[in-house]
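Here is a briefing for a reader new to this structure. Start with the view below, then follow the points by topic.

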Amino acid sequence: MSLRRGAIAVILCSLALPLSAQQGQKEAPKTLPLFGYDEDTASEIEVPPKVQADVDRIYRLYDKKWTVPTIDTLYNGKIVGFYRKRNESDFDNVAASFGNYLPFTTPGVTEPLRIRLCGRLGISKNKWCTIYGHSVRFNADRASEWNFPLLTSHEFIHGKQRDLLGDANWTFLPPWVLDGQANGFGYGLLENLPNLTRKDIARKTATMKNANFSFFLGLRFYDHPLDVDSIAQSYPRNHPEYYAEASDPGGHITMAGYLTGSFFRHMLRGRSGGLKAVQHLMSRPSPRTKDSNAWLAWMDNGLKSDPNKIWPRGVREVYAEMIAELADMPDLIARARFGKLAADQYDKLLWSDGCRSVDLTTSRSWSGAVPIRALSARCFRVKLPPDGLDMTGEAASMAGTDMPPAFSVTARSTTGGCGDFELTSRAEVVEDPLVAKATGNPNDCTTKWHSYYLPLNPNAPGGLKGWQTVLLTNVPSRPANARGHMLQVTFIRPGAEATVDAEATVEDPVRKTKVKSRAPKPGPKPVVAPNRTHIVDRDPAPDCDAEGRATLKCGNEMTVVLAYGQVADLSASSNATGAILGHMYPQAQFTREDYVSTGNAIQKALFDEGGLSKAAAKLAASGGLPDGASVKLTLPQLADGQTGTFPARVDVGWLDVVRKAEAGVDSITAAQTRSDGQCLFVETRRSDATVTITMNDHGGLIGTLTARLYEENSDPESACRTPILPAGQLSLSFATPGVIYSGEGGYSFDTENYAERMQSAQSIAMQVAMPMAERSDHLATWPDGVFPGTQPASTGPAPAGRASTGQCSATTVTDADFIGFVRAVSAAEGEEPEPMDAEAMAAMRSMDRSMYTPMICRWIAAGRPARYTVDGP
């Protein structure tokens, strides 16, 4: 039966209309009949109708989405699978399997069975009974379990592997590919079925005593290489949910292979065109070896050579997105933190080395040596002060006009590989990293990222309690070339704490007199420092005299600009557009429902909810002049790693809101003076500020600064005696994301991944707009014809005033209502929630809509439930 036609038939039947009256006869649906037998008695047994129905359902799904696997075994001339009541001595954990099964070849088999299955002896053209016969086999003692459809689909993927790679080649598949694909592709194809979404599976298995939770969600140690076969001797055996046989030699590798299904599942479901990518991959000639590097290259080249450009960056792209989502799956997908979904249990299933805690609430920096293996990820959990965040909801959100707290991450290597690293934060791959390589020594390199703190589900019992997941991955553009590294990893929370006591002379526009204007003092909000890396040119400085060097007006110097008050708000909001575009993370539209990306959150707070408008109104109310001040620090250029105390310069500027005048002071005072007996003249100047640098490398620039502040005396009479006036003092501590020197003897910046990233962005944009009927990421709760990002946020009861059928008519029932209604009927009938069959839809549209409107109105009045049984017109 064509997809949705079952639901349409139910609706028409309730109207007493035959389906054949609306549509012509269709080809009978494909089935895979099962032959049941008792292993002890070698006799035929009945196959339970539910088991047969479950197998047929999955078989038809493969027929529609892909193609059915080839089955060689025949019964009365038709293909057949096997349903086995096995001997008790043969019991193991296996529920189903695919292979060359030759039942009834043992002595004692009754002749009638042999004839029916194999043909008459001596004249049969079907040689499989003694030679060859691939099929699926289901064990009767396991067929009633909840996961039977998943296991059936797993075995069908083995059949597809044999079909596409060939009888000889598919046996060469290493375990992480053989069973990783079977789990990942097999389960991914079924995610549209009722009760088989990842959310359903996670919640169902989270309290089970067995290993179903990890097995079906693909939770393995991802801080070890993806291709587990390559490191069989060192791969851990102590995963909490390995089956007992995993303790046998090689058993832990087999189990890790099954659990690698999460990687292949994302290959299929992480893009609209994921199934096209899989089909292209599986159609390519495969290696005739079990060498993992050969299979890695096959897989990577297969994805990159796909003319549809679904995964243009290959394995690297799939891996980074997959692990970013999997690490936060309890909050993103399951939306629950009980049982094995609780943070303390869930982490043990993914990270053999645990997650490092990076607490930036009391310190502005964290740094440590971090080993990272080839084709793997390392987990960190970072927490920042929730300045400007509302932490009361399911996910932290922005409050007021503040940007989310920022942080930077730096990975420095002395063994190269910096172009191989990706960073994920808040389950999003952080785009546009800065990659720097030392001139003449590319192995000395640095990768830097800038991100925001906006934790998921900070109040969930059993959750992360405001800690945000940050992952570092090590997968090069050519995965077969991957190698491990020892990295120096640094986290920085940029910002400053400052004390400012200063005043400057300004002109009162009304009285036309000189008056003192006091610098605004920093309030309770933090002083803002730029969340960007300082790139300083190492080229020789231009000519600079002694005073220029003493006052840091010229020469080899660098600057850091801080801000507080409304000046800081304006600085942050000016960067909002860049932050929004750089953190929209459109990939989430393929796999996550109702997800608010970092960019979405910033856009919502600043634009959709009028945060910037409110700030502008507040600014206008103060006469258009922002309160607060900017503080510019000028520091000498230092050698990489150089710390200590050095001369510095400070410039403080603010706007006098009352007098609408600019004001400013600095740390420049007299160094040498001379007197002519009447006036004092300044011969040379110096800066009365010192900076103490405690950290100075690619990861961060951290220090403290003290300064006395001055201004030029603007009163001609008193300036004769006191040309420079004391104006106050300043002290502060600061942290910024570090300094990288370019130019001669410095670092060059690597752009080799830029073209790849641009191609990926174009591919994602194309797939977001892909027609729903062609998509393989179609989530079970998306109504047909509704694209990700536009689906209703709630499936709860209809708003007041719309529930009664009196306000629901043929003119107000839309196509979207009709589609949602048919979807609900389909779910109640056990059909796959797939896109609407075009002919069936046309048939319903050809009818008088008022005939079925009352049924849809009752469905709307019931709150648009996901499953609905019709009760007649």
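Asp141 has a relative accessibility of 33%, so Asp141 counts as partly exposed. This is a predicted model. The points below cover salt bridges, one helix and the loop after it, an open sheet, and a buried threonine.

**Salt bridges**

- Asp141 pairs with Arg86 in a salt bridge, and their closest N and O atoms are 2.8 Å apart.
- Asp141 sits in the loop between β7 (134-139) and α5, while Arg86 sits in the loop between β5 (81-85) and β6 (96-100), so the pair ties together parts that are 55 residues apart in sequence.
- Arg86 has a relative accessible area of 5%, so Arg86 is buried.
- A salt bridge also joins Asp353 and Arg373, with 3.0 Å between the closest N and O atoms.
- That pair links distant parts of the chain, 20 residues apart: Asp353 is in the loop between α15 (343-350) and β8, and Arg373 is in the loop between β9 (365-372) and β10.
- Asp353 is partly exposed at 37% relative accessible area, and Arg373 is partly exposed at 30%.
- Asp651 and Arg649 meet through their side chains in a salt bridge of 2.9 Å, N to O.
- Arg649 is buried, with a relative accessible area of 11%.
- One network, joined by salt bridges that share partners, takes in Glu191, Arg198, Arg265, Arg269, Glu325 and Arg592.
- The count of salt bridges comes to 38.

**Helix α5 and the loop after it**

- Helix α5 covers residues 148-165, and at 1.5 Å a residue its 18 residues should span 26 Å.
- The end C-alpha atoms of α5 are 26 Å apart, which agrees with that expected span.
- Most of α5 is covered, with 16 of its 18 residues buried.
- Gly166 comes just after α5 and takes a positive phi of about 95°.
- Asn169 lies in the loop between α5 and α6 (175-188).
- Is Asn169 buried or exposed? At 12% relative accessibility, Asn169 counts as buried.
- Asn169 and Pro285 are 116 residues apart along the chain, yet their C-alpha atoms are separated by 8.9 Å.
- Beyond its neighbours within four places in sequence, Asn169 is in contact with Ser286, Pro287, Arg288 and Trp295.

**An open sheet and a helix across it**

- Five strands form an open sheet in the order β8-β10-β18-β14-β15, with mixed pairing.
- β8 (355-359) and β15 (428-429) stand at the edges with a single partner strand each, so one side of each has no neighbour in the sheet.
- β14 (residues 421-425) pairs with β18 (residues 468-474) in the antiparallel sense, over 5 bridges.
- Ser425 has Val470 as its bridge partner in β18.
- Helix α13 (residues 315-327) lies across β10 (376-383), β14, β15 and β18.
- The helix α13 runs at about 155° to β18.

**Thr533**

- Where is Thr533 placed? Thr533 is in the loop between β21 (513-518) and β22 (534-537).
- Thr533 has a relative accessible area of 8%; buried means under 20%, so Thr533 is buried.
- The Thr533 side chain makes a polar contact of 3.4 Å with the side chain of His450.
- Setting aside residues up to four places away in sequence, Thr533 touches Leu434, Lys448, His450, Pro737, Gly738 and Ile740.

Terms used: Residues are numbered from 1 along each chain as its sequence is written. This is a predicted model: local features need pLDDT of at least 70, side-chain atom pairs count only at pLDDT 80 or more; totals for chains, interfaces and linings use all residues. Side-chain values use heavy atoms; hydrogens and water are left out. Helices (H or I, at least four residues) and strands (E, at least two) are DSSP runs, numbered from the N terminus. The expected span of a helix is 1.5 Å times one less than its number of residues. Buried means under 20% relative accessible area, exposed over 50%, partly exposed in between (1.4 Å probe, protein chains only). A polar contact is a pair of N or O atoms within 3.5 Å; within protein, one must be able to donate a hydrogen and the other to accept it, and residues adjacent in sequence count only if both atoms are side-chain atoms. Contact means heavy atoms within 4.5 Å. Two strands pair if DSSP finds at least two bridges between them. Axes are lines fitted to C-alpha atoms, for helices over the stretch in contact, and angles run from 0 to 180 degrees between N-to-C directions. A salt bridge is a side-chain nitrogen of Lys or Arg within 4 Å of a carboxyl oxygen of Asp or Glu.
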